[in-house]
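Let's take a walk through this structure together. Keep the viewer open and follow along.

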Amino acid sequence: TSALTVTVPNLGAGTVAVTILSEGKRSITSQNFTVSQAAPPPQLISVSPATGIPGGSVILVGQNLDPNPVNNVVDFGGVSVTPSSATATQLELSVPQLPVGGVTIAVSVGGQLSNSLAFDVLLPGPSLTILTPLSGAVGSTVSLIGSGFSTTPAANLVQFGGVAASVTASSATSVTVIVLERKSVEISVL
């Protein structure tokens, strides 16, 4: 048997007759072939949130996405990311390790590329793990242990119930403050 491989020409969807013309001779018989409509390209509508830190969760809302996560190739600031879950209108994925700043997000489905959306990669904020002591009088020195602190004392703002404490020393993993006003309240590190 002989085989002839051809590429389907750009036709509208529907059933067409396939005939062969070879060396000026037309085939005696023809066969029907159904041309399917190409899937429309994916389209991204929104990214939520539009800012985040590496490792954070992001939801892309769009159209013509693939319900199988591995069939959606997400370009996140030049890094290829596979969504953790997918539907025809939504992808959930994690922000990859990227430098701080603006990047674009696009998705490819079946070789077709979507439009791009903007996303801002942020630095992770400080994290407080240990506070010692847990109580004290006005003027007490309190140590905060954690990560993501500025090594410049004045760049750290520590509040006791919304009232700023005096930061006397800091490193990337600790901050020392003096309590300025007596309150029994929540502590925040900004």
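Start with Val8, which sits in the segment before β1. This is a predicted model, so treat what follows as computed from the coordinates of a prediction. Is Val8 buried, partly exposed or exposed? Its relative accessible area is 43%, and because buried means under 20% and exposed means over 50%, Val8 counts as partly exposed. Val8 also has company on the surface: together with Leu11, Val18 and Phe33 it forms a nonpolar patch. The accessible area of those four residues together is about 320 Å².

Stay in that part of the chain and look for empty space. Rolling a probe the size of a water molecule over the atoms shows where such space is left. The largest pocket found here has a volume of about 350 Å³. Which residues come closest to its centre? Of the 13 lining residues, those are Val6, Thr7, Pro9, Val18 and Thr19. Two elements give two or more residues to the lining, namely β1, which spans 14–18, and β4, which spans 31–35. The largest share comes from β1, with three residues. As for chemistry, the lining divides into eleven nonpolar residues and two polar ones, with no charged residue. Val18 turns up in both pictures: it belongs to the nonpolar surface patch, and it is among the residues closest to the centre of the largest pocket.

While you're at β1, click on Gly14, which is found in that strand. Gly14 is partly exposed, with a relative accessible area of 28%; that value puts it in between because the buried class ends at 20% and the exposed class begins over 50%. Now draw a line from Gly14 to Val179. These two are 165 residues apart in sequence, and their C-alpha atoms are 78 Å apart in space.

For a contrast, try another pair. Leu144 is found in strand β16, and it is buried, with a relative accessible area of 0%. Which distance separates its C-alpha atom from that of Val177? The answer is 8.1 Å, for two residues that are 33 apart along the chain.

Next, some backbone details, which you may want to check in your own torsion plots. Glu23 has a positive phi of about 50° although it is not a glycine. Where is Glu23? You'll find it in the loop between β2 (21–22) and β3 (25–26). Glu23 is exposed, with a relative accessible area of 78%. Asn64 is another non-glycine residue with a positive phi, here about 60°. Asn64 lies in the loop between β7 (57–63) and β8 (72–76), and it is partly exposed, with a relative accessible area of 32%.

The omega angles deserve a look too. The peptide bond from Ser48 to Pro49 is cis, with omega near -10°. Pro49 is in the loop between β5 (43–48) and β6 (51–52). Further along, Thr132 and Pro133 are also joined by a cis peptide bond, with omega about -5°. The loop that holds Pro133 runs between β15 (127–132) and β16 (141–147). That brings you back to β16, the strand where Leu144 is found.

Definitions and conventions
Residues numbered from 1 in each chain as written. Predicted model: local features only at pLDDT ≥ 70, side-chain atom pairs only at ≥ 80, totals over all residues. Heavy atoms only, no water. 1 Å grid on protein atoms, 1.4 Å probe; cavity = no way out; pocket = protein on both sides within 12 Å on 5 of 7 lines; lining within 4 Å. Points joined across faces, edges and corners; volume = space filled by probe spheres on them. Helix = DSSP H or I, 4+ residues; strand = E, 2+ residues; numbered from the N terminus. Nonpolar A, V, L, I, M, F, W, Y, C, P; charged D, E, K, R; others polar. Patch = residues over 30% accessible without salt bridge, like charges linked within 9 Å, V, L, I, M, F, W, Y side chains within 5 Å. Areas by Shrake-Rupley, 256 points an atom, 1.4 Å probe, with all protein chains shown as cover. Salt bridge = Lys/Arg side-chain N within 4 Å of Asp/Glu carboxyl O. Buried < 20%, exposed > 50% of the residue type's maximum accessible area, 1.4 Å probe, protein only.
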